Amino acid sequence: MSYAARLPIAADRYTPCVRTVIFRGIDLRGRTLRMQLRLATDTPGAPLVDLGSVDNAQAQGLALITVTQDGAVPVSTVQIRVNESTMKGLPYSGEMGSATALEYDLITTIGGDKRILMRGAFVIEAGVTGADNAPANRPYGYGSTDGLGGMRTSATLTFGETSIAINIDGADLIAPLKQDAEAARDAAVSARNAAAGERAGAEAARDQAEISRDVATTTQPTYASQAAGEAATTAGKLFVVAPGDGTAQMRRRTAGGSDKLYEFLTNTYVPPVGAPAIRRLLRDRIGETASIKDYVVGKGDVDDTDAYSEAMILGVREWLYPDGCSINISRPVNWLGERTHRFADNARIIAEVEGYGVRALGYPDLLPSVVQDPIPRGSMAFTATNIGDLAVDEDFYLYDVSLQEYDVNTVRKKVGNTIFTKRPINFSFDQPTNTRIYRLANACRNVKVFGGEFRNERQSLTAHALGFLNATDIFLQDTVATKCGGIGIGFEVSMRLFTRVRTR
C-alpha cells in the first residue's frame with residue numbers, strides 16, 4: 001500500500017499560481033510529471049487543467065528546478081505554474097465573491113508504475129483587480145470569503161521508510177541509499193553519545209527557558225496597564241499588559257494605540273464551572289501531561305468553547321483526548337506552540353464556525369528593514385537595510401502589501417546588507433517599497449498532533465477545521481478532517497510541515 005501527501009493549494013483567480021514543492025527522498029530527474037485539475041475526484045471527461053513536465057520555469061507546467069543531496073538523501077524541487085489566463089478561465093461557483101474548490105493530484109512513474117505524490121483541494125480565491133469579465137449572473141455573497149487555507153508559497157514533503165514525514169511504500173525509492181544511510185546513522189550515534197553530557201546541560205537550560213516562556217506566554221515586555229505599554233513601545237512591536245489579577249493581554253502597538261491579539265492567564269489554573277477540581281498555581285502544572293476531560297465536558301451535547309479555550313492557554317505540555325471524547329466549539333479556539341495533542345480512538349473536535357474551528361496561531365514582528373532592490377522569483381538572496389534583528393537560521397517572510405503575496409523562508413547567512421535564504425524565493429517582489437519583512441519571532445512552533453478527527457459543520461467554503469498561521473515545525477500523524485464546507489486542514493504563512501493526514 002502506498003500513501004500520497006494531502007496538501008491543499010490556495011490560489012488567486014486573477015494572478016498566476018506559482019507554487020514550489022520540495023520532495024525529500026525522491027530523485028525526479030528523468031521522470032515525467034503530470035498534474036490535473038477537475039471539479040471533483042472521479043469527474044469524467046477532459047480535465048479543467050492538464051499540466052505536464054516543462055523545461056522552462058516561466059512556462060505553464062511542472063518544472064524540475066533542482067535536484068540536490070542532503071547527505072545520502074536526494075532532494076528534488078518542483079515548481080507548479082498555472083498561467084493567469086488559465087486561472088481566469090476556471091469555473092466559478094457559489095455566490096459572487098465565493099471561493100471555488102476543485103481537486104488535483106500530481107503523479108509520476110516510478111519503477112514502471114504510476115505513483116501519486118500529492119493530492120488535495122485546489123481552492124481558487126475570489127479577487128478584485130482583473131474581475132472585469134467575471135460572470136454577473138450570480139447573487140451577491142454576504143460577508144468575507146476568507147479562503148486562505150492552502151499552500152500559498154512552498155511545502156516540503158519527505159518520503160522514506162522510517163521516521164518520515166509522509167509515509168509511502170518507499171522501498172523502491174530509497175533502497176539504493178540504505179547502506180549509506182545506515183553508515184551515516186552509526187556515525188551519528190557515536191557523535192550523539194560523545195555529546196550526551198553537553199546535551200543534558202543544554203536540555204536543562206532549555207526546559208527552564210520553556211517554563212519561563214509558558215508563565216509569561218511570550219518574551220515580550222510586560223506592563224501594568226495598556227497606556228504604559230503604548231508609551232514604552234513603537235508601532236509594530238508586541239507587549240503584554242498584566243494588571244496583577246492573574247490575567248494578561250498580548251497587544252500589538254499601532255500608530256494610534258494598540259490592538260489586542262489574545263488573552264491568557266498568568267499564574268493560576270481555574271477549573272471549568274462545576275468541575276470537582278482543585279485550584280492550583282499554574283507553575284505547579286507546567287510540564288505535566290493532562291487529560292482534556294479534566295477541563296471540558298467532552299460528551300458532544302454541550303458547548304465546550306469557554307472551557308476548552310481556557311485550557312489551551314495553560315502550561316500543560318501534552319494533552320490527552322480519551323476514547324470517545326467529543327468537544328463542541330462555537331467559535332474559533334487558538335492553540336499555542338510547544339504542545340502535543342494525542343487523540344485516542346473516536347476522539348474529535350467538532351466546530352460550527354466561519355473560518356477555522358481550531359488554529360495554531362503565531363504572531364510575527366514587522367522589522368524596520370527596507371528592501372533595496374526588486375527580488376526576482378527563484379532568487380536566494382536580497383538586500384535590505386536594518387537587518388540586524390534578523391539572525392542566521394531564523395524564520396521570516398516577505399510580504400507584498402499591494403498584491404498580498406507571501407514567501408516564507410529561513411536565513412542561511414548574512415553578508416553586509418545581503419540576506420541569503422535557504423530556499424528559492426517563490427514570488428517576484430518587483431516593488432521594493434511595497435515589500436515588508438516579518439520575523440517569525442513569536443511563531444507557533446513545534447505543534448504535534450497524533451490522531452484526532454476535526455470537523456467544521458458550517459456549510460460554507462470558508463468553514464475550515466484545523467489551520468496553521470505563522471506556524472513552523474508542524475507534525476501531524478493519522479489526523480482526519482471530515483465534513484468540512486471548506487478546507488479540512490490548511491497551512492498559511494507556515495513552514496516545515498511533516499504530515500500524514502486524511503480527509504473524508
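Here are some numbered notes on the structure above, which is a predicted model.

1. **Overall make-up.** Let's begin with the whole chain. The protein chain contains six helices and 36 strands. Of its 504 residues, 47% are buried. Looking at contacts in the protein chain with a separation of 6 or more, 62% come from residues 24 or more positions apart.

2. **Strand β3 and its partner.** Strand β3 covers residues 17-24, and seven of its eight residues are buried, so this strand is largely enclosed by the rest of the structure. Its pairing with strand β7 (residues 73-82) is antiparallel and runs over eight bridges. If you would like one place to see that pairing, look at Arg24, whose bridge partner in β7 is Val75.

3. **Thr20, a polar residue to look at in β3.** Thr20 belongs to strand β3. Is Thr20 buried or exposed? Its relative accessible area is 7%, and because the cut-off for buried is under 20%, Thr20 counts as buried. The Thr20 side chain has a polar contact with the side chain of Asn426, at 2.3 Å.

4. **Cysteines.** How many disulfides does a search of the whole structure find? The result is zero. As a reminder, a disulfide is a covalent bond between the sulfur atoms of two cysteines. Two cysteines can be described by their surroundings: Cys17 is buried at 1% relative accessibility, and Cys444 is buried with a relative accessible area of 2%.

5. **A seven-stranded open sheet.** Further along the chain, seven strands make an open sheet with antiparallel pairing, and their order is β24-β30-β27-β28-β29-β26-β25. The edges are taken by β24 (363-366) and β25 (370-371); each has a single partner strand, so one side of each lacks a neighbour in the sheet. Within this sheet, β27 and β28 sit next to each other in the order. Strand β27 (residues 395-400) runs antiparallel to strand β28 (residues 405-415), and six bridges join them. One residue to follow here is Tyr397, which has Val408 as its bridge partner in β28.

6. **The nonpolar cores.** In soluble globular proteins, nonpolar side chains tend to be buried together. Which members of the largest nonpolar core touch the most other members? They are Phe122, Tyr308, Tyr321 and Trp335, in a core of 65 residues. Leaving aside residues up to four places away in sequence, Tyr308 touches Ile292, Val296, Tyr321, Ile327, Ile329, Val333, Trp335 and Ile349. There is also a second, separate core of 17 residues, and among its members are Val240, Tyr363, Val408 and Ala443. You may recognise Val408 from the previous point, as the bridge partner of Tyr397.

7. **Aromatic pairs around Tyr406.** Across the whole structure, a search finds 13 aromatic pairs. In one of them, the ring centres of Tyr397 and Tyr406 are 5.4 Å apart with the planes at 55 degrees, so this pair is tilted. Tyr397 is buried with a relative accessible area of 6%, and Tyr406 also counts as buried, at 16% relative accessibility. Tyr406 has a further ring pairing, with Tyr399: the centres are 4.6 Å apart and the planes are at 25 degrees, so that pair is stacked. Tyr399 is buried too, as is Tyr406.

8. **An aromatic cluster.** Tyr321, Trp335, Phe343 and Phe454 make up one aromatic cluster. Tyr321 and Trp335 will be familiar from the list of residues that touch the most other members of the largest nonpolar core. Both are also touched by Tyr308.

9. **Two backbone details to check.** Which angle stands out at Asn346? Asn346 is not a glycine, yet it has a positive phi of about 65 degrees. This residue is in the loop between β21 (339-343) and β22 (348-351), and Asn346 is exposed, with a relative accessible area of 52%. Asp473 is also not a glycine, and its phi is positive at about 55 degrees. Asp473 is located in strand β34 (residues 471-482), where it is partly exposed with a relative accessible area of 22%.

Key
Residues are numbered from 1 along each chain as its sequence is written. This is a predicted model: local features need pLDDT of at least 70, side-chain atom pairs count only at pLDDT 80 or more; totals for chains, interfaces and linings use all residues. Side-chain values use heavy atoms; hydrogens and water are left out. Buried means under 20% relative accessible area, exposed over 50%, partly exposed in between (1.4 Å probe, protein chains only). Helices (H or I, at least four residues) and strands (E, at least two) are DSSP runs, numbered from the N terminus. Two strands pair if DSSP finds at least two bridges between them. A polar contact is a pair of N or O atoms within 3.5 Å; within protein, one must be able to donate a hydrogen and the other to accept it, and residues adjacent in sequence count only if both atoms are side-chain atoms. A disulfide is a pair of cysteine sulfur atoms within 2.5 Å. A nonpolar core is a set of buried Ala, Val, Leu, Ile, Met, Phe, Trp, Tyr and Cys residues joined through side-chain atoms within 4.5 Å. Contact means heavy atoms within 4.5 Å. Rings of Phe, Tyr and Trp (its six-membered ring) pair if their centres lie within 6.5 Å; planes under 30 degrees apart count as stacked, over 60 as edge-to-face and the rest as tilted.
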